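Load the model and set the side chains to sticks. This tour goes from one charged pair to the next.

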Amino acid sequence: MNILVTVDSNYVCPLKVMLTSFFRFHDKENTIYLLYSNVKEIELGELRQLIERNGSRFCPVRVEESILSGVPVIGYFTKEMYYRLLSGMIFTKEKRMLYLDPDILIRGSLLPLYETPLEGNVMAGIGDISVNTILSDHKTKLGFGQEEQYINSGVLLFDLDEMRKCSILEDIKRVVEEKGELLKYPDQDIINLLFREKIKVVERKYNYNTGYGSIAGMFYNRKFLLPEES
């Protein structure tokens, strides 16, 4: 499998945990692609050692931060979150990649997801249960209908041939200019807006948030565990 990750130094430790859980179920012949701007050489070495010890190949690519000047960066959302959108442009030979957030745990084989037919769609993703239910006002403000699925960006299967048909840098700039301050979850909002009607929605088990296991659980988290929004 071709696995894509994008982090800075702050997320190298969670990435190691995620990869360790990944290798429990996928122990050989994978390629881990890393897009980064700010990861130390010693950290790259540690990642290489972990990946190669598990029979896989490590392919790190440094991205110049200036390539995405002007995109919104809010709180813990860093510029690296956008790099996955450049994968078709950067990796010119690969056909598909599975993007995984560094702060997830793998609890089973992802091969069925990786082999999902995309049927002409640019990507496959999992519906964001929070934005599609109790936070649906955000989806409405972005221009989506209530019946439309808004996906979470934590697990994404890319058809890179389809992505290469997009003028991705120009498209990102256009969405940022059009939506501006409405981009509350910047990269995720941009992904949903850019590839609207070109995203295949797959089973929720592939991106399951234990904090939001049910509608009741979401309300509990919003009311008692999460800080109030300004």
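**Salt bridges, stop by stop**

Select Arg196 to begin: in this predicted model, its relative accessibility is 31%, so Arg196 counts as partly exposed. Now add Glu148, its salt-bridge partner, and display the closest N and O atoms, which are 2.7 Å apart. Glu148 has a relative accessibility of 19% and counts as buried, because the cut-off for buried is under 20%.

Which parts does this pair tie together? Glu148 sits in the loop between helix H5 (136-142) and strand E6 (151-159), while Arg196 sits in the loop between helix H8 (186-194) and strand E7 (199-201), so the salt bridge links parts that are 48 residues apart in sequence. Colour both loops to follow the connection.

Next, select Asp161 and Arg164. Their side chains form a salt bridge with an N to O distance of 2.6 Å. Asp161 is partly exposed at 32% relative accessible area, and Arg164 is partly exposed at 27%.

Move on to Glu203 and Lys205. This salt bridge has its closest N and O atoms 3.9 Å apart, and the cut-off is within 4 Å. Is each partner buried, partly exposed or exposed? Glu203, at 49% relative accessibility, counts as partly exposed, whereas Lys205 is exposed, with a relative accessible area of 57%.

Salt bridges with shared partners also join Lys95, Asp161 and Arg164 into one network. Add Lys95 to the selection to display that network.

To continue beyond these stops, list every salt bridge in the structure: there are 12.

Terms used. Residues are numbered from 1 along each chain as its sequence is written. This is a predicted model: local features need pLDDT of at least 70, side-chain atom pairs count only at pLDDT 80 or more; totals for chains, interfaces and linings use all residues. Side-chain values use heavy atoms; hydrogens and water are left out. Helices (H or I, at least four residues) and strands (E, at least two) are DSSP runs, numbered from the N terminus. Buried means under 20% relative accessible area, exposed over 50%, partly exposed in between (1.4 Å probe, protein chains only).
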